[in-house]
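Hi,

Here is the structure I said I would pass on. Have a look at it first, and my notes on what turned up follow underneath.

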Amino acid sequence: MARIASRFARLESRRLARDAVAGLMSGLAVKNCWTLAEHAGHDSPDGLQHLLRKAKWDTDGVRDDLRRYVVERLGTVDTMLVVVETGDLKKGAHAVGVQRQYTGTAGRIENAQVAVYLTYASADGHALIDRELYLPRVWADDTDRREQAGVPATVKFATKPALATEMITRALDAGVTARWVAGDEVYGADPKLRKTLEDRGVGYALAVACSHPVRTGVGKIRADALAASLLSKAWQRLSAGNGSKGPRFYDWTWISIEPEPGAVPSGGRGQRWLLVRRNNATGELACYRCWSRAPVPLCELVCVAGRRWTIEESFQASKTLTGLDQHQVRRWTSWHRWTILAMLAYALLAVLTATERAETPTPRGLIALTCNEIHRLFNTLIVEPIRDLRHRLHWSTRRRRHQHRARISHYQRREAFLA
């Protein structure tokens, strides 16, 4: 918290931010301003709600401090950036950015709020370092909804790949060193993102659809058709990294491909491949467009493609352990402030886990410490929520009054509508 202290205009805001982060790291089943305030010993949630909505503090500055902290503590020679979006299912239509849209969280079109996140991953660990809320075009073009949600006038409609490009560029401009960038099909199909990475000299392994066309010496051809034309000896069985049940072995192959017209970076052509993964049991294919400034072995590309799934672990842990998706906010500023505090809480868990693994070797027969175990130990040994009877009775009474007012307001709105 001392790293971000200078980003707050007042001492009260700094203390509220400290209480919020401690609450987000707690073992609370539900994390919102009400539960965090009760956990911290506050008399009401008003202070934390003010922190998210109106308090004066530099949210982007905290994001920069978080990124610097993660890079300092988790940075190694072999680092990469992973970009992907996630959706939070929502009810209603007033929360900023919410509309019916496809989200991988549900695997279908649902009423959801979608955001793009950037993960910093190394051999020591991984953590989220940036995020951008996806604002659908219907929101971006609706002046009234923008004003109600507090969306700044400078924010315009941007595609998810454009948001990813902005975050990656911001990280590289800040001095983050990354050899590779990985992402799913939404980003692999965007030529502007690929061109930006090539111009910056950063290699990538971006997933593409099997129907994605690639340019070869004999013309354009679908990725799956190109893979089907290869001989059996062109495939190699390699591990894409360890999963929950041990090494993940697949059949892999790669084919040199040609650049698209006008896609040659300013630094030179580099090396381009179509990387294809085949499931040993089902024969299902997964394809990746890859680029590197210098030649690399196939096993390195396989490792890069396999580590793309680290962000899935980051999402699962940050949502489960630090309440990344449990916010109950509607406005633009509140969403960005909640997410950065949740990311800060998860980054601390990730750094503590990496530090313990490095300084305390794992005993034989036991698995290495995980963020979940560090979270449990942190709440067992350090965090002490307010539990006295008077405080609990105060919050019980306050919740009943709030629920009573909410029911009355609901019936009043219903009667007014029927009238």
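Start with Arg179 and Glu300: their side chains meet in a salt bridge, with N and O 2.8 Å apart. Arg179 sits in the loop between α7 (160-173) and β5 (180-183), while Glu300 belongs to helix α11 (residues 298-306), so this pair ties together parts that are 121 residues apart in sequence. Arg179 has a relative accessibility of 40%, so it counts as partly exposed. Bear in mind that this is a predicted model, so please read every distance here as computed from it.

What lets such pairs form? Side chains of opposite charge can pair when their charged atoms come close.

There is another long-range link to look at. Asp58 forms a salt bridge with Arg7, and here the closest N and O atoms are 3.7 Å apart. This pair also links distant parts of the chain: Asp58 is in the loop between α3 (46-53) and α4 (59-74), Arg7 is in the segment before α1 (11-24), and their positions lie 51 residues apart in the numbering. How exposed are the two partners? Asp58 is partly exposed, with a relative accessible area of 35%, and Arg7 is partly exposed too, at 25%.

For a local pair, go to helix α9 (residues 191-199). The side chains of Asp199 and Lys195 meet there in a salt bridge, at 2.9 Å from N to O. Because Asp199 and Lys195 are 4 residues apart in that helix, about one helical turn separates them. Asp199 is partly exposed at 32% relative accessibility, and Lys195 is partly exposed at 25%.

Some of the charged residues do not stop at pairs. Asp130, Arg131, Glu132, Glu166 and Arg170 are linked in a network of salt bridges, which is worth bringing up on screen. How many salt bridges are there in the whole structure? A search finds 24.

Now for the wider picture. The protein chain has 15 helices and 12 strands. Of its 419 residues, 48% count as buried. If you look at contacts in the chain with a separation of 6 or more, residues 24 or more positions apart account for 64% of them. The accessible surface of the chain comes to about 21500 Å², and carbon and sulfur atoms hold 51% of that.

If you only have a few minutes, I would open the Arg179 and Glu300 salt bridge and then the five-residue network that includes Asp130 and Arg170.

Cheers

Methods. Residues numbered from 1 in each chain as written. Predicted model: local features only at pLDDT ≥ 70, side-chain atom pairs only at ≥ 80, totals over all residues. Heavy atoms only, no water. Salt bridge = Lys/Arg side-chain N within 4 Å of Asp/Glu carboxyl O. Helix = DSSP H or I, 4+ residues; strand = E, 2+ residues; numbered from the N terminus. Buried < 20%, exposed > 50% of the residue type's maximum accessible area, 1.4 Å probe, protein only. Contact = heavy atoms within 4.5 Å. Areas by Shrake-Rupley, 256 points an atom, 1.4 Å probe, with all protein chains shown as cover.
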